[in-house]
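Thank you all for coming; I would like to walk slowly through one structure this morning, and I will explain each term as it comes up. Please have a look at it first.

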Amino acid sequence: FATSSIDAFIHAIESYTFEVIFKDTDKDATGTIDITKIGGYPLWAISSRPVYESAINMDQAKQIGRDFLTKMGFENMTDTYYIVSGNVATINYAAKQGEYILYPDLIKLQVALDNGEIMGIESKGYLYSHKERKIPEPTVTIDEARKLISPRVTIVGEGHAVIPTPFKTEVFTYEFKVKLEDRDCLVYIGTTSGIEEEILLIIDTDQGVLTVDNGPYYR
């Protein structure tokens, strides 16, 4: 796919929609794919093929997804969270810039766990948001940010992230993974404001790892 600028996607993403039948497969294995009119990016796709078994593990599925995205021209993507349903893993990938995970720049892939086939893609978040950011110089050090974390929790990991806000903007943050009793959470502290920007509860089940907003529990 083309690697031209995606600034034209700011307002609306126009695409061509194709209904397809896969070669050398069951005649009932059909799919739909949307290709953007500008740039030729895969915007959305889904396959109807049933997946009856799991033969590959999640680490393998995540690597298959990363390799696919690189082949499609989506560079520097890292997997974040996932869920498994019907032997198909839906994996979220976010772009990275330096130390920062760019959560607005999100691509969702569906990977079949029987043979690693890519079953679906949704790249709207990436196409709307991806660009080279001007990273601000932090005015709050990561040591200072640690001290802003509630003493009720134990910090078990840390990093840097750009997160979206409800106001259609984004903020540069320190991302802390913390443990509260038997729960894991993510706490985001602004690198220039020192403000607690967001708190997410990590849900880890047999079906996958997801995050939900759960600030009151943390506090």
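Asn76 is exposed, because its relative accessible area is 57%, where exposed means over 50%, buried means under 20%, and partly exposed lies in between, with a 1.4 Å probe and protein chains only. Asn76 sits in the loop between α1 (58-71) and β4; helices (H or I, at least four residues) and strands (E, at least two) are DSSP runs, numbered from the N terminus. Although it is not a glycine, Asn76 has a positive phi of about 55°.

I should say at once that this is a predicted model, in which local features need pLDDT of at least 70 and side-chain atom pairs count only at pLDDT 80 or more, while totals for chains, interfaces and linings use all residues. Residues are numbered from 1 along each chain as its sequence is written, and side-chain values use heavy atoms, with hydrogens and water left out.

Asn87 also deserves a word, since it has a positive phi of about 60° without being a glycine. It is placed in the loop between β4 and β5 (88-97), and it counts as partly exposed because its relative accessibility is 24%. As background, most residues other than glycine have a negative phi.

Let me turn to strand β8. His160 lies in this strand, which covers residues 154-164, and His160 is buried, with a relative accessible area of 16%. Leaving aside neighbours within four places in sequence, His160 is in contact (heavy atoms within 4.5 Å) with Glu99, Tyr100, Ile101, Thr173, Tyr174 and Glu175. Ala161 is found in β8 as well, and it counts as buried because its relative accessibility is 0%. With residues up to four places away again not counted, Ala161 touches several residues, including Tyr103, Val171, Phe172 and Tyr188. The C-alpha atoms of Ala161 and Lys96 are separated by 8.8 Å, although these residues are 65 apart along the chain.

Next, the interior. The largest nonpolar core, meaning a set of buried Ala, Val, Leu, Ile, Met, Phe, Trp, Tyr and Cys residues joined through side-chain atoms within 4.5 Å, has 39 residues, and those touching the most other members are Phe74, Met77, Ile91, Tyr103 and Ile107. β6 provides the largest share of this core, with seven residues. A second, separate core has 13 residues, among them Val178, Cys185, Val187 and Ile189.

Which residues are closest to the centre of the largest pocket? They are Tyr103, Pro164, Glu198, Leu200 and Thr211, out of 16 that line it. By class, this lining has ten nonpolar, four polar and two charged residues; Ala, Val, Leu, Ile, Met, Phe, Trp, Tyr, Cys and Pro count as nonpolar, Asp, Glu, Lys and Arg as charged, and the others, Gly among them, as polar. A pocket here is an open set of points on a 1 Å grid over the protein atoms alone, where a 1.4 Å probe fits, with protein on both sides within 12 Å along at least five of seven lines, and lining residues have an atom within 4 Å of a point. β11 gives the most to the lining, with three residues.

Finally, β11 and β12 run antiparallel and are joined by six bridges, where two strands pair if DSSP finds at least two bridges between them. These strands form a hairpin with two residues between them, and Leu201 has Val212 in β12 as its bridge partner.
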